[in-house]
Amino acid sequence: MPDLSAAESFYSEFGLAVTPSGQGLALGTHGHPHTWGTIGEGPRKKHQYMSFGVFEDDIHGFAKRLQEMGIVRLDPPKGVDSNGLWLHDQDGNLVEIAVAPKTSPSDKSECSFVTVGAGMQAAPFRRDVKRTYPRRLAHVLMFTRDVSKAMDFYTRVLGMRVSDHSGDGIAFLHGVHGSDHHMVAFAKSNAPGFHHLSWDVGSVDEIGVGATHMLSKGHGRGWGLGRHVLGSNYFHYVRDPWGSYSEYSAGIDFVPADFDWEAADNAPEDSFYVWGPNPPEDFVHNYEA
Ligand SMILES: [Fe+2]
């Protein structure tokens, strides 16, 4: 991203744990040991790579599969310390497959709704409201030139499964070891690029509190409150300074390990949202194209 101090401020206000890392920044969530992402400085917003963690027992199988499929193994990017497998996906995005602890959820995330009995006030006073701190990265949405090719690559090479898609417009994929409805999604564009990071929070109230805090810090552009159809999650997207988004997400559908989620091709009107305000006109504009 072009301005590390703006990134530091945006993601800290969003509720993430932002720490210095090499020449850039690491994105964590408070109370969770994993580093979900890193940001370096560059002339313009540009997605660099995506890393997939796999079990130690599976890494040799992945190496063998890449060889059998004739997929060229690449060196890690300069400055990245890694003994993982590096490759290009169908769009030329850099991908790493590396042994790592499982960070996708093994159970459906808790999404609470607090109410009280008659004769009591349910809402907190504003002075008592706590900031929203997301629990973990939930998913990443990428632009792709060809959604069908993305589905094909990520299922055959990475071993993911399609949860749902809508023609060649959008596709949602989950991992087979227990995963949200989507850990990666792909939307049609004329070029690859990064669209949004989605962060799991514990309630619709936390979504609203987070969105209100971001508004008070000058980050009022975005989309929400709404509810998606595919994945079912409640959402509010906050636009970052570079035209991509961070999403507060609650209540997403969960696919248990080895569960056979029936993948469907859905009508476009059922691929986006059940209810919510109209999305901004440039919501699906690819600023990396
Ligand atoms: Fe999302």
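Buried, for a residue in these legends, means a relative accessible area under 20%. The views below all come from a predicted model.

**View 1. The iron ion and the three residues that coordinate it.** The iron ion is held by His139 through NE2, by His196 through NE2 and by Glu247 through OE, at 2.1 to 2.2 Å. Along the sequence these donor residues follow the spacing H-x56-H-x50-E. The pair of His196 and Glu247 links distant parts of the chain, since His196 belongs to strand β12 (residues 193-200) and Glu247 to strand β15 (residues 245-250), 51 residues apart. Glu247 has a relative accessibility of 0% and therefore counts as buried, and His196, with a relative accessible area of 3%, is buried as well.

**View 2. Ser246 and its surroundings in strand β15.** Ser246, which lies in strand β15, counts as buried because its relative accessibility is 0%. Its side chain is joined to that of Trp199 by a polar contact of 3.4 Å. When residues up to four places away in sequence are left aside, Ser246 touches Phe10, Tyr11, Phe14, Leu197, Trp199, His236, Tyr237 and Val238.

**View 3. An open sheet of three strands with a helix packed on it.** The strands of this sheet are arranged in the order β4-β6-β5, and their pairing is mixed. At the edges are β4 (49-54) and β5 (85-88), each of which pairs on one side only, while the twist from one strand to the next averages 25°. Strand β6 (residues 94-99) runs parallel to β4, and the two are paired over six bridges; within β6, Ala98 is the residue that stands opposite Gly53. Helix α2 (residues 59-68) packs on the sheet and touches β4, β5 and β6, with its direction at about 35° to that of β5.

**View 4. The aromatic pair of Tyr154 and Phe186.** The count of aromatic pairs in the model comes to 19. In the pair shown here, the ring centres of Tyr154 and Phe186 are 4.8 Å apart and the ring planes stand at 40°, so the pair is tilted. Tyr154 sits in helix α3 (residues 147-156) and Phe186 in strand β11 (residues 184-188), so that the pair links distant parts of the chain, 32 residues apart. Both Tyr154 and Phe186 are buried.

**View 5. The aromatic pair of Tyr234 and Trp275.** This pair is also tilted, with 6.2 Å from centre to centre and 50° between the planes. Because Tyr234 lies in strand β14 (residues 234-239) and Trp275 in the segment after β17 (264-265), the pair ties together parts that are 41 residues apart in sequence. Trp275 has a relative accessible area of 38% and is therefore partly exposed.

**View 6. One aromatic cluster.** The residues that form this cluster are Trp223, Phe235, Tyr237, Tyr245, Phe272, Tyr273 and Phe283. One of them, Tyr237, is also among the residues that Ser246 touches.

**View 7. Thr212 in helix α4.** Thr212 is placed in helix α4 (residues 204-216) and is partly exposed, with a relative accessible area of 42%. Between the C-alpha atoms of Thr212 and Gly70 the separation is 50 Å, and the two residues are 142 residues apart along the chain.

Methods. Residues numbered from 1 in each chain as written. Predicted model: local features only at pLDDT ≥ 70, side-chain atom pairs only at ≥ 80, totals over all residues. Heavy atoms only, no water. Donors = N, O, S within 2.8 Å, 3.2 Å for Na, K, Ca; no water. Helix = DSSP H or I, 4+ residues; strand = E, 2+ residues; numbered from the N terminus. Buried < 20%, exposed > 50% of the residue type's maximum accessible area, 1.4 Å probe, protein only. Polar contact = N/O pair within 3.5 Å; in protein donor to acceptor, adjacent residues only side chain to side chain. Contact = heavy atoms within 4.5 Å. Pairing = 2+ DSSP bridges. Axes fitted to C-alpha atoms, helices over the stretch in contact; angles between N-to-C directions. Phe/Tyr/Trp six-rings, centres within 6.5 Å; stacked < 30°, edge-to-face > 60°.
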